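Here are my notes on the model you sent. Please read them with the coordinates open.

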Amino acid sequence: MLTKHNYIVNLQKVTLHNFKNVENGEISFQSYKHREKMSKKLKQAKKNNENIYDCIDFQEGRLSDIIGIYGQNGSGKTTFIDAINLLKSILSGQSLPKYVNEFIGHNDTKSRLEFVFYIKKNEKIFNKTVNINEDNQDNESEELLFYNFEIEGIKTEKEEYGEDTTNNNEISEIKVVHERIYTKSIVDFEINNISNLIEFNLNSDKEIRYLKASGDKVKLEVAKALADKMKTSFIFGEENYNIFKDFSYILNEKIIVLRQFAQKNLIVIRNDRLRAQKGDDPIPFNLIIYNNNNKKLKEYLVSYNDYITLKKEEHAVICKTMKSINTVISSIIPGLQIEINEIGNKVLNNGEVGKLVELLSVRENVKIPLVCESDGIKKIIAILSALIAMRIDEGVCLLVDELDAGVYEYLLGEILYVLEHDSSGQFIFTSHNLRALETLSKDAIVFTTINPKNRYCRFNNVKPSNNLRDSYIRSLVLGGQKEDLYSDADRNDIGFAFFNSLEEEDE
């Protein structure tokens, strides 16, 4: 089911509670801070009876939505990527992943995640004007939507070989036990009061709140049973979101909008998909394909042993997409082009005739299989289509874990500089290479701390003329920020530990 409207959805703020090694941590996009700042200025101007257009520049301080997350190993960088990946699964109506129990912090059986989205209705609505004045309510053209959910693990006593294992408890089942959606409308840059849409609490007497009484309560019980059986979100379960249209058109609309955002525009590329390949392991090749005003992400596996199978129409679209990729790749890596080599036809499972193709790397008329290229080039090529989509499409939110792996640091800095100054979408990456600190603005960099109760921070008191890389290294050694950024590892202790390890081997 599609909504009657096109929407732009942007992630604004993410808050983690007891998620993996983060007891508390918050990261806000720069656009969210800008909206909050403008709203406060507007309210103050109205209070002072000032002309808002004379005293407020609504574009002042507006920055691109690019965030690089930096910090020592094990300090919460990949944790943030995992949180967004879990959000994508939940909003898409998928079952909780089998490894979700690894996400709950060690000190509790619950994890809570909170998300803020900016939603803007496109003026062009499927080439026609649609009246949405249903339920005697109007959808706002701009709003902030808040979605919070909580997962809880049930601990069971583990028994082995008849031994007493009273303290050997482990989480055997994870459920989404609490969800809430509410909104704040934005009118002329002013953020207004909360409007509650739905709250679900599995462990409360009032399991479901804020829904109209006119809806079929039996359907809600069916939705609850389906979510429990399939281990999905109650609100975003595969079948459930259709049920809510009987209760509230507005709620149903928001659910579908977030669902489409997760499925089409929220792109999470984890490091385990782009790690260094061994032997003839296939490499993932991610393509954002635009066709007939629709957009989808598809991952193709490129290997020595198997060719890629494409439908005829898919083959035509990919050939067109590859042209845009080659335009960019040649500017990043001069002389390099990617070529689609047609091997032949293949009858598909549905009886249609498709194409068998392989991807080749071409330099100075020398063609080799793409899998023979270096890990750095394969990494760039694998994510390049997603980067292009993020640059041109304000609705795309792209996350890449360990962006710098295998990529030449100077080239990394140049790419990030261009993306920050000329991108419409949102981009979050983690990295260990500090080159980005010299090319991105200070507000685009988030640092992890050693304090699990305040895991993420931005630097204070850094002037635009300061070198953020120097400031970061200085803070690692001398401190000076509100939180410590590094657990000291003294070089003398490291050397002594290596020396002692040799002595123990001799014994």
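The points below go from the whole chain to single residues.

1. Status and overall make-up. This is a predicted model. The protein chain has twelve helices and 19 strands. Of its 507 residues, 50% are buried. Its accessible surface is about 26,400 Å², and carbon and sulfur atoms hold 45% of that.

2. Sequence range of the contacts. Take the contacts in the protein chain with a separation of 6 or more. Of these, 66% join residues 24 or more positions apart.

3. Helix 11, buried face. Leu468, Ser471, Tyr472 and Ser475 are the residues to look at here, and they are buried. Viewed down the axis of helix 11, the buried residues fit within an arc of 100°, so they line one face of the helix. The spacing follows a general rule: an α-helix has 3.6 residues a turn, so residues three or four places apart point the same way. Among the elements that cover these buried residues are strand 3 (66–70), helix 10 (436–439) and strand 18 (445–448).

4. Helix 11, other side. Val477 and Leu478 sit on the other side of helix 11, and they are exposed.

5. Helix 11, both ends. Which residue caps the N-terminal end? Asparagine 467 does, with a side-chain oxygen 2.9 Å from the backbone nitrogen of arginine 469. Just after the helix, glycine 479 has a positive phi of about 80°.

6. The loop after helix 11. Glycine 480 lies between helix 11 (468–478) and helix 12 (491–506), in the loop. Glycine 480 counts as exposed because its relative accessibility is 74%, and exposed means over 50%. Glycine 480 and asparagine 460 are 20 residues apart in sequence; C-alpha to C-alpha, they are 9.6 Å apart in space.

7. Positive phi outside glycine. Please check two glutamates. Glutamate 364 is not a glycine, yet has a positive phi of about 50°. Its place is the loop between strand 14 (353–363) and strand 15 (366–369). With 75% relative accessibility, glutamate 364 counts as exposed. Glutamate 402 also has a positive phi of about 50° and is not a glycine. This residue is in the loop between strand 16 (397–400) and helix 9. Is glutamate 402 buried, partly exposed or exposed? Glutamate 402 counts as partly exposed because its relative accessibility is 24%, and buried means under 20%.

8. Serine 423. This residue is in the loop between helix 9 (409–421) and strand 17 (426–430). Where does its side chain reach? The side chain of serine 423 comes to 2.6 Å from the backbone oxygen of leucine 419. Leaving aside neighbours within four places in sequence, serine 423 is in contact with Met390 and Arg391.

9. Asparagine 265. Helix 6 (residues 249–265) holds this residue. Asparagine 265 counts as buried because its relative accessibility is 12% and the cut-off for buried is under 20%. The side chain of asparagine 265 reaches the backbone oxygen of glycine 395 at 3.3 Å.

10. A nonpolar patch. Val218, Val222 and Leu226 make a nonpolar surface patch of about 230 Å². Valine 218 is in helix 4 (residues 217–230). At 57% relative accessibility, valine 218 counts as exposed.

Notes. Residues numbered from 1 in each chain as written. Predicted model: local features only at pLDDT ≥ 70, side-chain atom pairs only at ≥ 80, totals over all residues. Heavy atoms only, no water. Helix = DSSP H or I, 4+ residues; strand = E, 2+ residues; numbered from the N terminus. Buried < 20%, exposed > 50% of the residue type's maximum accessible area, 1.4 Å probe, protein only. Polar contact = N/O pair within 3.5 Å; in protein donor to acceptor, adjacent residues only side chain to side chain. Patch = residues over 30% accessible without salt bridge, like charges linked within 9 Å, V, L, I, M, F, W, Y side chains within 5 Å. Areas by Shrake-Rupley, 256 points an atom, 1.4 Å probe, with all protein chains shown as cover. Salt bridge = Lys/Arg side-chain N within 4 Å of Asp/Glu carboxyl O. Arc of directions from axis to C-beta. Contact = heavy atoms within 4.5 Å.
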